[in-house]
Amino acid sequence: MGTGYSGIHVQFDGLPSHHLPLLLAAYQHRFGRDLEAMSRHLVDDVTVGWDELGTDLLEGAPPDLVHALTGGEQWPSRTLDHLVTPDGSPPVRMTVTDQDAADMDVQWGYVLHPHGIEVFNLLYAQRGPVVDWSTDPRTAFSDHAAAWAPARPRPSSAPPPVPPSAPPGPRRHPTT
C-alpha cells in the first residue's frame, strides 16, 4: 500500500545526519518557513533531478549555524540536467513515488509535510517518523536505518549548546 508521495530523485540521497540539518536550515532561513517556496525549488522547478544538494540551501542562515553544519566548507547544489541518454534523446524527469522508489535504488526518503520532514530508509520501511520544522538544525540525527522505523520516536540527540556571544569590543571613533 502506498503512502502517496511524489518527489524528485536526488542522486546522492544522503544520510539523515547530513540532509536533515541542511533541509531544516533551508526551510527556517533561505525559504523563510515557506514550504511552498521550498517545495517549488527542490521539486517543481527541477527539470530532471538533483545530483547533490549543496550549501547554497543555507543562504540567509546565521554564519555560526552555517559553520556548525558545514565546518566552513561550501559546495553548490547540482542538478542532473547534464545527463546523456544512450539514444541521445533528452533525459526524462526522475520523479520518485511511493510505488517506484525501491526500483530506483533510492535508499533514503525525505517527504516534506506541512508539519515537518518524514524520514525513512526504503530498505527498511515505506514510512518513518516526522521531524518537526522547528527542530534545531544542529541536532545530531542517527544514520541507522532501523532507527527510522515508523512507530519509533525521532532518532536524534539534543544539539550542542550554543556558546555565548562575545561582548562587543570597544567602539572606536574616527579622528578628524
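Leaving aside neighbours within four places in sequence, which residues is Asp51 in contact with? Keep that selection for later in the tour; the overall chain comes before it.

**Whole chain**

Show the cartoon of this predicted model. The chain has 3 helices and 9 strands. Following the sequence from its start, you pass through the order β-α-α-β-α-β-β-β-β-β-β-β. Colour by accessibility next: 41% of the 176 residues count as buried. For contacts between residues at least 6 apart in sequence, 57% join residues at least 24 apart.

**Asp51**

Select Asp51, which sits in strand β2, residues 50–52. Asp51 counts as buried because its relative accessible area, 17%, is under the 20% limit. Now display its surroundings. With neighbours within four places in sequence left aside, the residues in contact with Asp51 are Val10, Gln11, Phe12, Arg78, Thr79 and Leu80. That settles the opening question.

**The largest pocket**

Move to the largest pocket, which holds about 480 Å³ of space. Its lining is made of 25 residues, and those closest to the pocket centre are Gly7, Ile8, Val43, Tyr110 and Val111. Select these five to centre the view. Then colour the elements that each give two or more residues to the lining: β1, α1 (16–30), α2 (35–44) and β5 (108–113). Strand β5 provides the largest share of the lining, with 6 residues. Sorted by class, the lining residues are 17 nonpolar, 7 polar and 1 charged.

**Ser17, in helix α1**

From the pocket, go to Ser17, which belongs to helix α1. Ser17 is partly exposed, at 35% relative accessible area. Which residues does Ser17 touch, not counting those up to four places away in sequence? They are Phe141 and Asp143. The side chains of Ser17 and Asp143 are joined by a polar contact of 2.7 Å. For a further distance label, add Arg138: the C-alpha atoms of Ser17 and Arg138 lie 9.5 Å apart, although the two residues are 121 apart in sequence.

**Aromatic pairs**

Select the rings of Phe, Tyr and Trp. A pair of aromatic rings is described by the distance between the centres and the angle between the planes. How many aromatic pairs does the count come to? The count is 3 aromatic pairs, and two of them are on this tour.

Tyr5 and Phe120 make a tilted pair, with 5.5 Å from centre to centre and 45° between the planes. This pair links distant parts of the chain: Tyr5 is in the segment before β1 (6–8), Phe120 is in strand β6 (residues 116–121), and 115 residues separate them. Are Tyr5 and Phe120 buried or exposed? Tyr5 is buried, with 13% relative accessible area, and Phe120 is buried as well, at 1%.

Phe141, already selected as a residue that Ser17 touches, forms an aromatic pair with Trp148. That pair is also tilted, at 6.4 Å between centres and 35° between planes. Phe141 has a relative accessible area of 7% and is buried. Trp148 is buried too, at 1% relative accessibility.

**Arg33, between two helices**

Select Arg33, in the loop between α1 and α2. Most residues other than glycine have a negative phi. Arg33 is not a glycine, yet its phi is positive, at about 65°. Is Arg33 buried or partly exposed? Arg33 is partly exposed, with a relative accessible area of 44%.

**Thr85, in a loop**

The last stop is Thr85, in the loop between β3 (78–79) and β4 (95–97). Show its side chain together with those of the residues that follow. One polar contact, of 2.9 Å, joins the side chains of Thr85 and Asp87. The Thr85 side chain also reaches the backbone oxygen of Ser89, at 2.5 Å. To finish, add Pro90 and Pro91: once neighbours within four places in sequence are left aside, Thr85 is in contact with these two prolines.

Technical notes:
Residues are numbered from 1 along each chain as its sequence is written. This is a predicted model: local features need pLDDT of at least 70, side-chain atom pairs count only at pLDDT 80 or more; totals for chains, interfaces and linings use all residues. Side-chain values use heavy atoms; hydrogens and water are left out. Rings of Phe, Tyr and Trp (its six-membered ring) pair if their centres lie within 6.5 Å; planes under 30 degrees apart count as stacked, over 60 as edge-to-face and the rest as tilted. Helices (H or I, at least four residues) and strands (E, at least two) are DSSP runs, numbered from the N terminus. Buried means under 20% relative accessible area, exposed over 50%, partly exposed in between (1.4 Å probe, protein chains only). On a 1 Å grid over the protein atoms alone, a cavity is a set of points where a 1.4 Å probe fits but cannot get out, and a pocket is an open set with protein on both sides within 12 Å along at least five of seven lines; lining residues have an atom within 4 Å of a point. Grid points are joined across faces, edges and corners, and a volume is the space filled by probe spheres set on the points. Ala, Val, Leu, Ile, Met, Phe, Trp, Tyr, Cys and Pro count as nonpolar, Asp, Glu, Lys and Arg as charged, and the others, Gly among them, as polar. Contact means heavy atoms within 4.5 Å. A polar contact is a pair of N or O atoms within 3.5 Å; within protein, one must be able to donate a hydrogen and the other to accept it, and residues adjacent in sequence count only if both atoms are side-chain atoms.
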